[in-house]
Each structure stands twice: as C-alpha cells, then as structure tokens.
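Work through the exercises below with the sequence and the three-dimensional model at hand. Each task is followed by a solution that proceeds step by step.

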2 protein chains.
Amino acid sequence: MGPHVQRQPEPSEGDRLPRPSPETQQGIGPAKNQVEVGMANSDLEFLFHPKSIAIVGTPSDPSANQGAGVFLDALLEFDYKGHIYPVNPKISEIRGLRAYPDLMSLPQTPDHVICCIPASLVPQLIKDCASRGVKAMAMYTAGFSEAGEEGRKLEQELVRLAYQGGIRLIGPNCMGIYCPSTCLSYNPLLSREAGSVGLLCQSGGVSLGLSIMANFAGIYFSKVISYGNAADLNESDFMEYLAQDNETKLIGAYIEGVRDGQRFIETLTRAAKVKPVAILKGGRTKAGAKATASHTGSLAGDEEKWSAVCRQAGAVQVYSSEEMVDFFEICLHMKPLKGQRVGIIAWGGGPSVLATDDCESAGLVVPAFSAALCQEMRSFMFEPGSSVSNPVDSPVLANPSLLSRAIKTVADSREVDVLIMRLPFAVARPPFDLEVTVATLEAIIETSKSIDAAVAVVQPHGDTPESSGQFLGVQQRCAEANLSLFSTTRRAAQAIGRFAQSISYLEH
Amino acid sequence: MGPHVQRQPEPSEGDRLPRPSPETQQGIGPAKNQVEVGMANSDLEFLFHPKSIAIVGTPSDPSANQGAGVFLDALLEFDYKGHIYPVNPKISEIRGLRAYPDLMSLPQTPDHVICCIPASLVPQLIKDCASRGVKAMAMYTAGFSEAGEEGRKLEQELVRLAYQGGIRLIGPNCMGIYCPSTCLSYNPLLSREAGSVGLLCQSGGVSLGLSIMANFAGIYFSKVISYGNAADLNESDFMEYLAQDNETKLIGAYIEGVRDGQRFIETLTRAAKVKPVAILKGGRTKAGAKATASHTGSLAGDEEKWSAVCRQAGAVQVYSSEEMVDFFEICLHMKPLKGQRVGIIAWGGGPSVLATDDCESAGLVVPAFSAALCQEMRSFMFEPGSSVSNPVDSPVLANPSLLSRAIKTVADSREVDVLIMRLPFAVARPPFDLEVTVATLEAIIETSKSIDAAVAVVQPHGDTPESSGQFLGVQQRCAEANLSLFSTTRRAAQAIGRFAQSISYLEH
C-alpha cells in the first residue's frame, strides 16, 4: 500500500490544471472538457494549508453558534494559527477580531474564503475574490441547483465566474474542509486530533455525524471534505487527491450523485488499488434518489449500477454511517487477513449460534474444527454444555488462563484466519464485574500478541451511563492493543467481510 | 385482539393432557402421539405459580453466583414468597436457608424443582420426584441430546421416566422460568417489574441478553421461558400457552429447531391471529445450523422454508436480539397504522436521504407531498436549503413552534400514516444543548397528541456516559408519552415495516 501517484510541486497561479467549462458541470453525463483523467490532484494540497481565511457573512451575533456562526466558532476553538477575517458590514468587531465591511477592504488577500452570504450576492463576491486574487472558496450558501431551475442557472453562473477568475469552489451548499493537522474545522464538536482517515462527503450533516461518531470510537481524520452540490470541485477531484495524500491511509465517501461517471469509475478504481475505499451511497432507492435532487441537485443513478461500479472498481459498499465507522475501525486495527475462515469464541450457546449466522450471512466461513483440534480443545474444556468445535463455548472460559489456552490452541491450528471474541455477557451489563472484564480482556490482548490470526472483540454497547463508561474503557484498551472492537457480532462479521474484500483489491 | 382460547380450570394430577411417548420427542418429524392440536395449554398455568421450589444441586459456596449458584441468588433477590429448599448433601444451611441432603428428606413436596445435578444422577431424581408427587421440573443440567448419541439416549430415558411419573419437564440444558409477577427468576440481573411481553427462548444466553436489553429500553415481561433441548415441553406448548395468556400482549420466540413441524405451524398461525409474534431463528445458515446441533440438539431446517412458514403463519422474522427488542418497542408504543406511508422530518439533507433509503428498503413508502401540501409547508419554511416535500428538512425546525406546525401540517394532510422524527444532531452529542433537546422533544410529544398519524422518534444512542444519560432521559419521556424511540432511522424503519406487517395478520 502506498500512494500511487507522485506528489506534484505546490501549484502557483500559473500552473493550475485545466478545468471544465461550467456547462459540463451539471448532470451526470460525461463531461466534454474534463480534467485530464489520471492527472494527480496533488494540486489541491493548497486547499488544506490556507494562511488566512475570510468568513464572508459572519453573523453579527457572537453567541450564534448555529448556521453560519459555527465557522468562526470552529476556527477559534481549533486555535487556527493564520489570520481570520470576519466580513460583515454591520459590525466592526466580533469575538476579539476586527470585522471588515467587505472583501475589498481586507488588509491582505485571504488564501481561503468561506461564503455565508445569500445566494443572490455571491456573483459579486466571486468577482471581488477574482480581483483580489483569492484562490479558493468554500460555499456554505445554499439555494442553487438543489432549489430548482433558477438556482441551477445561478450555480452555472458562479462556476463560470470562478473559472474566469481562477478560483476553485467547494460546494455550494456544503460545510467545506475539516483538517485537524492544520487546525481547520467547520464545527467545534469535531476532534482536534489528526488521524489517517480521509472522508469526502456530499452532505454536511452526514460528514459531521459520521466524523463525531468515529471520533468517539477513537478514529481520527486526515481530511474531511463536505462538498455539497459539487459545482466545481467534485467527488473525483477529492477521491484523486485523497488517493495520493500521504496523510490518508483509507478513504470513505458519502456520495449522492457523480458529475462525470466515467472519470469517477477510473478514479475510484485507481484509489481502491492503493487504499481501502468504502462508499456510502445516498439515494439508493427511488424515493431516496428523489430526495437527493432537492438536497444536492444530484441525479442518483440506480442501485444495481452502483453496486456493479463499486465491485468492479474494488471499493466496498456500506449502508449506514455506523457501518462506515466499523469499516474504518477494522482497517485501522486489524492485521491483514489470509482468508475468510472465522473462529468464534462466545459465551453462551444461543449467542454462538447467532454469531455463526452473522458470519455466514456476511460471506465468511465458520469451519468445523478438525477431529485433532476438537480433541485438543476437549482436553481442557470438559464441562457439560461445552462446545469444543467452532463456535467454541464453554463455562471454563471464564478462567482467563483457560481462555488464553483456547485462543492459542485455535489460532495455532491454522484452521481459522480471524477470531471473533465475544466478551461474556455479565461484564456488559451492570451490575457488572469489572474485574472479570479486565481479566478477560487482558487475557485476549496478551494472547493475541503471540498468534498469527487476526482478532476482533465484541462487547455490547451499554445503555446506561455506567456501562457506557465501561465500554469506553474496553474501547481504549482495544485501541491501544490494536484490536478491533464492535458492539454486536453482526457488526463485527460485516466489517470483517468488507475488510477481507477490500484488501483483496489492493496491489501488494 | 384478545385470547382466542378459553382458560381451562387449574389442572389436577388426573386431568393432565395426554402427552407424546418419549420416542416422538427427538428429531423434527411429525410426532405420532402428539398433544391434540388446538387444545389450550392453559394447563401450563401451574408452572408459573409454584408455592415451593427445590433447587437440587445448589452449590455449597454461597458466594458462587455463576452457573447453578445463580438460581438461589435470583429467587432471594426477587423476594420469592414461597418456600425455597436448597438440596445439597454437603451442607446443612446456605444463605440463611436450611439445606436438605436429598429430595426425599424435604418436609413437603415442592411444586417446582430446579435440577442442577450432573446428568448421570438425573434419572434417580426424576424417580424421587415421581414418588413425592412433584409436578414440574426445570433442568439446568446439560449433557443430553446436544452432547451426542449417549446423551440423546439418556434424554429419552428422562422423558420416559417423567411421563410415567406425571412430571412436566422444561429443558434440559436451559434456565427455566422468569415470571416477575410471581417473583420467579433465573437471574438476579432481570427486572422485578412485570410487563406484557411473552418470550420463549431455546437459549438461556439469548433469553438473558434479550430480556435485559429490553428492560433497559423500559420493556417488561409477563413470562420468559428458556426451554433448551425441549425434551418434553416444547416451542408449541409455550407458544400455545402465551397465545391464550391474558398477561401477554405480544410474543417473541428464539427458536433453533422445532420438535413437530406441523403442530408448530398450526400453533404459530393461531397465535399470530390474536397477538403480534416475532421469530428470531437461530441456525439460519449452514454453519449456524450445525452449531444448533451441539447447542440444543436441534435440527435447524433451512432458511427459505422458515421464512415461508413465518409468512404464511403471520409471524414476522427478526435477525438479532436488537431487532426483537425494537419490535417489542413498537408494538407496545405505536398506535395502529392505517397504511405504510412514512413522512420523514429529519435535520440535515444527507441524513434525510439516508432515512428515506432506510424506509424504502424496509418495504415502506415515502411519498412526495402534493403540490398543495408543499405550498402550505413553504409558507413557513422559507430558508434556503429547506426541503418542503418529503423528507422534510429545514433550519427553521429548530424553532419548536414551527416544528409543531410542520408536524401538524403533514399529519393533517392525511398524506402519510406514520411520521419518523429524527431529533437534531446537536442534541445527540455532547457538548449538547439539553434545552434544545427538551424543547424539541416536548414539541413532538405535545403535537403527537392531536394528530392521527403514528410517530416514531429517532435519537442516536450516545457513546459517552453523558450522552447515555441524556438518551435515557429521552427514552423515559417517550415511554411516558407512548412514543416509540429508536437509535437509528434504519432500526425505526425496519420496526415500522414489521409492525405494519404484523398488525395486518391480526383478526380485528
């Protein structure tokens, strides 16, 4: 695994890539004058390193932390190191920063503009940006192609003006960029910690929800781009960029519709050869597709076609934000799988049966153990009601040293490639016995270091503040020990199935 | 809805139903000498009202709260009002109760025996029970048909002895009965509060996990029966009983294999005509079916056949304990649906799109609103980025009175049968704004009282102790207001789909 395209030198005004004319930017048919397929988008690097940012349309009320107010709040909260220029003609100062009446009056040209003014005022802003030499603008402003024919025309006009002025647009109708390593954020709730997951997201709401859910699971991001209507920069541009970005090790994408199908297929295929890629498609169903039109003005395409594209390109499909986070979790923590054979060690016969169904439904195999392995297991798992074959279930596994022996015996047999370890029920619900949890978990962690098989841990999520606290503790230990943790065996099985599929696509 | 069979008078020794000979009790073929199909199993009522219980094989160590130790602990914790007789020849007293060396030395005949002694000693115990006139025994003891040919023979022998002695067996290899209204429990973690859900469960682990998960969601049980290998009393007996039980309003079943297919289909069909019934099938897959053999000695049957049986009988299928709890939740709290048309009010365009996909994938319909309804919605939802059709999404919905107006406008149009209300993102993650949550939720609760459409609320579960606490608060308010609550739109959509399906089977 590694970047498959060379990093380009930092771009200057002069060497920017050719871009399509605005007419080719709506609809999903092939663009006539598209960016040359296969060119690296390392030239988008500049988007993530602005030395100054103007927020045009900063609300007057400094306490407003909803809507457009969130951008200033987020940059201050993230301790952004560059200059911040609030722009609002009605105020002279906000949260300790001098405010400016318009873009033209700024003391320097900002590297990046966040646009929060009403749609009708945007054309003039783009003209101002052009005359000041602004290179990039993220547009929170909505009311364009998602709002009907008039908005679609206005959006075309913006793209035309931006193209003429040498400005790259993110959006409109989006949140823009979250890049913790350079203290950029569009929301103060996001983590300041940087990680290795890249996410491109056509919805600001999904990007925020998914990112925070991931943050809580101890998963952090290199770059998240909320790109809305994709009037100029689109899914292929960001996919191409993340595929070659050294800070990004795996990629997730929430996409409602693509601007240029052929280019996207080629970009996705190249990306999935170098990094695991998961796609969450919004608008899979008829009514869902209709909803995307009024959300981001996208034409969603049918579900079967999408599944075929992902399969051929080597990307895996997920169907919810939770499944996307599970995919990140397993790519970050699980060692590469040599096959799809799962060994299950659960507590309780019924949960073992259901875990087996979960695995087989996810395309995995739960093989019966060989006679020799059963024999060896039986030598220390003697209690009535024990299952010494796969799935393994025995009351003696409450003893950590026998649990370790069971794990090691199964793993050393080489009869499975990955173990799903479901923590015993009693530890997951209060009144819980924390000592049992700790002893069990530490036995798993310690034993997992000396085996070849990959390990996933399952512990129910917890419905009370106490059990949530316990879950967080388990989560932290698993993350430190590089073990994947899931709240149900079904989620574990689905993630393992996708992980196995994803790594089979990578060029080794 | 109501019981479809008359309650029978309390049974005496003489009028017990005829029962099959032990030879017909293993395997899944039709029994030759089965209980008459269609006879009420109200005669099982006595199982839930024992005036005295002997625990044969109570562990000597009073601190043991695992394995067999849990039964005494549970009865004491539940403040069981009858006599408890611990039986163990090595002790004279345990936890303040006098212990007896064997069943024969008890001062009275217990109504119910819990059997925890090794398998090889059970035949003598059954003979002792017969000579004392014991009517019922729940067998925790394992090592019978799930353990191979020898165990299968021993199990047949037990059934023969029990039949001769006039004793009904629950199990072996099971936890027995949880009936909070009569202070019976097999585990101290279960709630003492009684409710209206009946659950029959072939796995003790699944029954415990599922019941506690339900308890945390504010769902309580009339009767839970963990019945293991079903050597004597089986899934059809308990289904028949719960169908006519006045304390039970809906039924869940975890089943690995059935003892008599034809009788089960007929029983299930009758049950689903009078109460909603959900089936969680263990061993749906090939490897899962193999696992059921070593768990409860069941032959699992293939998945397609099972789905056809459920569909024809009018029971809904669920695929995890979580989905079972969701089904209970919606049956208990949602008003009957007049159709399958869903209106979605979410916060955020992407989440709205995904919610729409979730609904359509669950077989529901998300209709576009009529021009007249869109017009009316637009009159107060004017912000750019708003969607005034279905799914509805607008920043103005942060205002509780406009939210109420949106709910009422959509509901009064009669264009949808049920509303899914996804609480705004910000309230679901800390640092959350509790005032916003409360105001939003109260607006939903208040408005829902004056509309015909059913309402489901969605709020993310919470990953931290703080957000868990908040979730619990929301849960409690929803339960008080009789609104169904789910942690994701997918879970809400699946539950609504199953609820609509289930109520269509009921005889009105």
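**Exercise 1.** Determine which residue of β12(B) is the bridge partner of I251(B), and describe the surroundings of strand β11 of chain B.

*Solution.* The bridge partner of I251(B) in β12(B) is V277(B), and the two strands, β11(B) and β12 (residues 277-281) of chain B, pair in the parallel sense over 5 bridges, where pairing requires that DSSP finds at least two bridges between the strands. Helices and strands are here DSSP runs, H or I over at least four residues for the former and E over at least two for the latter, numbered from the N terminus. Between these two strands the chain passes through helix α6 (residues 261-274) of chain B, in a β-α-β crossover that is right-handed, a term that applies if the path from the first strand over the helix to the second runs clockwise with the strands pointing away from the viewer. Turning to another pairing, strand β9 (residues 194-201) of chain B is joined to β11(B) by 5 bridges in a parallel arrangement, with G198(B) standing opposite I251(B).

The next step concerns burial, for which a residue counts as buried if 20 or more other C-beta atoms lie within 10 Å of its own, exposed if 12 or fewer do, and partly exposed in between, with C-beta atoms placed from the backbone. Because 6 of the 6 residues of β11(B) (residues 250-255) are buried, the strand is largely enclosed by the rest of the structure. Its two faces are both covered, with L250(B), G252(B) and Y254(B) on one side and I251(B), A253(B) and I255(B) on the other.

The model is a predicted one, in which local features need pLDDT of at least 70 and side-chain atom pairs count only at pLDDT 80 or more, while totals for chains, interfaces and linings use all residues. Residues are numbered from 1 along each chain as its sequence is written, and chains are lettered from A and ligands numbered from 1 in the order in which they are written.

**Exercise 2.** Identify the strands that pair with β5(B), and state how its faces are covered.

*Solution.* Strand β1 (residues 52-56) of chain B runs parallel to β5(B) and is joined to it by 4 bridges, I53(B) standing opposite H112(B). Strand β6 (residues 136-139) of chain B also pairs with β5(B) in the parallel sense, over 4 bridges, and there V113(B) has M137(B) as its bridge partner. From β5(B) the chain crosses through helix α2 (residues 122-132) of chain B to β6(B), again as a right-handed β-α-β crossover. As for the faces of β5(B) (residues 112-115), H112(B) and I114(B) on one side and V113(B) and C115(B) on the other are all buried.

**Exercise 3.** Work out how chains A and B are related, and what α10(B) gives to the contact between them.

*Solution.* A turn of 180° with a shift of 0.0 Å along the axis lays chain B on chain A with an RMSD of 0.0 Å, the superposition being by least squares on the C-alpha atoms of residues with pLDDT of at least 70 in both copies. This is the relation of a two-fold axis. The contact takes 66 residues from chain B and 66 residues from chain A, two residues being in contact if their C-beta atoms, placed from the backbone, lie within 7 Å. On the side of chain B that touches chain A, the largest share, 10 residues, comes from α10(B). Since 100% of the interface residues of chain B are also interface residues in chain A, the copies meet through the same surface.

Helix α10(B) is itself largely enclosed by the rest of the structure, because 11 of its 13 residues are buried. Its buried residues are covered by elements that include α4 (204-216), β11 (250-255) and α7 (286-296) of chain A, together with β14 (342-345), β15 (418-422) and α15 (489-505) of chain B.

**Exercise 4.** Locate A456(A) and establish whether it is buried or exposed.

*Solution.* A456(A) is found in strand β16 of chain A, and it counts as buried because it has 26 C-beta neighbours inside 10 Å. Leaving aside residues up to four places away in sequence, A456(A) touches M334(A), V418(A), I420(A), S484(A), F486(A), A492(A) and I496(A). Its strand, β16 (residues 454-458), pairs with β17(A) in the parallel sense over 3 bridges.
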